[in-house]
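The following paragraphs lead through a protein model, from its overall dimensions and sheets to its internal spaces and backbone geometry. Please keep the sequence and the coordinates at hand while reading.

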Amino acid sequence: MQVSGIDLRPLWHSLITKLIDGTLGAGEGLDLALIAQLLGDKEAGLAIQQQILASHQLFRLKDSPERPRLRVLALAAATDIGSNTPIEFLLANSEVELMTLYVVPDAELPTPLPDHDVAIVIASDSGETRDALSRIERAAARWPRPLLNPPHRVGNLDRDKLHSVLDDVEGLQIPTTIGVSRARLHELSRSQLALSDIASDLVFPVIVRPRGSHAGGGLAKIGDRAALRNYLDGRREQEFFLSRFVGYASEDGLFRKYRIVFIDGRPYACHLAIADRWDIWYLNAGMSQSASKRLEEENFMRAFDDEFARRHECALAAIAARVGLDYFIVDCAEASDGALLVFEADNAAIVHDMDRVDLFPYKQPQMRKIFDAFTAMLDRRATQQQERAA
């Protein structure tokens, strides 16, 4: 509804009325929490979500089929909209029943677990999700069905850990990312600390962002100590990530950022964002306003297996093997020396088919290819379990 430009406020007011008079259903409560975040009030959204999850942790997607061919249990954390895999998109029109179990503090996993054919961890790696991941990990060894994206591997994806996972891969660059406190950044901004005291390869300009931020929130390129002071004056967060800036402009001066989806070890093209700014994410790249950019993205998707994937075959294979997850995405670019420049890996980034078909006619077939690969993987894992049991 939001992507289509529909005003969410009437629905918000309707659900708030039900909340006040005590007739709000638990599923409607999750909708309300989501709408609050989409309207920009994250604090209210999380408060509503906490209230709902205090009494209900298990939810079934409303349009799940009556007689599903596969039952999927998604294990989520009680966190914001950007920190759980938006798995609903991946399972759209798939005849798969989706149940989501929120793993919350002070509540054990249900015994017995809801009946399912395959489970998948959709919580990402962050400070807010660590408790949920730990609870799932403790139960993983006795899980009765295949458990995809195991928590101990999800726990390697946060920005300050991924570098150590991928650091020495041939044909791949990944800048060291350091977790740093606000107090330490203040020391740095006041010349009481050198960049080399934080990490030996750090020099201005550096990239700073709040820990746990999504979609470029709070992301900034900092050129000197004065700029760092100004940045901190405008932020309230207490923990940040710091890394060196790597220029990755192409010969035409434009920046190109690729999103690659890994499913069962195989890479798929998800999107290509092209912009005249380094801090790209798809929504600020102006792709809908440029036919030439869309044509390049279309060609990237069509020729992905023969060109991009072949060009970076060894690096992509190493990423899949070292990350070791059944499903995740990588945002990356091509460095000036031809290496694959990795920005981040995540299991919770959005992969969707909401783009306008009239502007992006090539995207629907590509997204369908990704969605089909995802459900085929779930089918394989469930079938393998059944065969072993037999």
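Two strands are said to pair if DSSP finds at least two bridges between them. Helices (H or I, at least four residues) and strands (E, at least two) are DSSP runs, numbered from the N terminus. This is a predicted model, in which local features need pLDDT of at least 70 and side-chain atom pairs count only at pLDDT 80 or more, whereas totals for chains, interfaces and linings use all residues. Residues are numbered from 1 along each chain as its sequence is written, and side-chain values use heavy atoms, with hydrogens and water left out.

The protein chain has 14 helices and 14 strands. Its C-alpha trace spans about 60 × 50 × 45 Å along the principal axes. The radius of gyration is taken over C-alpha atoms, and the globule rule is 2.2 Å times the number of residues to the power 0.38. For 390 residues a compact globule would have a radius of gyration near 21 Å, so the 22 Å of the protein chain agrees.

One open sheet consists of four strands in the order β7-β10-β8-β9, with antiparallel pairing. Its edge strands, β7 (177-181) and β9 (220-222), each pair on one side only. From one strand to the next, the twist averages 35°; axes are lines fitted to C-alpha atoms, for helices over the stretch in contact, and angles run from 0 to 180 degrees between N-to-C directions. Working across the sheet, β7 and β10 pair over five bridges in the antiparallel sense, and Ser181 stands opposite Glu239 in β10. Five bridges also join β8 to β10, again antiparallel; here Ile207 has Ser243 in β10 as its bridge partner. Strand β8 (residues 206-210) then pairs with β9 over three antiparallel bridges, with Val208 opposite Ala220 in β9.

Two helices lie across this sheet, where contact means heavy atoms within 4.5 Å. Helix α7 (residues 159-166) lies across β7, β8 and β10 (239-244) and runs at about 155° to β7. Helix α8 (residues 182-189) lies across β7, β8 and β10, at about 95° to β7.

A further open sheet has five strands in the order β6-β14-β13-β11-β12, and its pairing is mixed. Its edge strands are β6 (172-173) and β12 (266-275), each of which pairs on one side only. β6 runs parallel to strand β14 (residues 340-346), to which two bridges join it, and Leu172 stands opposite Leu340 in β14. Helix α7 also lies across β6 and β14, running at about 130° to β14. Helix α11 (residues 291-302) packs on the sheet as well, touching β11 (255-263) and β12, and its direction makes about 165° with that of β12.

Beyond β14, Asp355 is found in the loop between β14 and α14 (363-389). Leaving out residues up to four places away in sequence, Asp355 touches Tyr282, Phe360, Lys363 and Gln364. Asp355 and Ser288 are 67 residues apart in sequence, yet 9.2 Å apart in space, C-alpha to C-alpha.

What empty space does the model enclose? Rolling a probe the size of a water molecule over the atoms shows where empty space is left. On a 1 Å grid over the protein atoms alone, a cavity is a set of points where a 1.4 Å probe fits but cannot get out, and a pocket is an open set with protein on both sides within 12 Å along at least five of seven lines; lining residues have an atom within 4 Å of a point. Grid points are joined across faces, edges and corners, and a volume is the space filled by probe spheres set on the points. The structure holds one cavity of 30 Å³ or more. Thr85, Ile87, Leu90, Ile120, Val121, Ile122, Asn149, Tyr327 and Phe374 line the largest cavity; α4 (87-90) and β4 (118-121) are the elements that give two or more residues to this lining.

The second largest pocket has a volume of about 250 Å³, and its lining includes Thr111, Pro112, Arg135 and Trp143.

Most residues other than glycine have a negative phi, and most peptide bonds are trans. The peptide bond from Thr111 to Pro112 is cis, with omega near -5°, and Pro112 lies in the loop between β3 (96-103) and β4. The bond from Phe204 to Pro205 is also cis, with omega near 0°. Asn93, although not a glycine, has a positive phi of about 60°.
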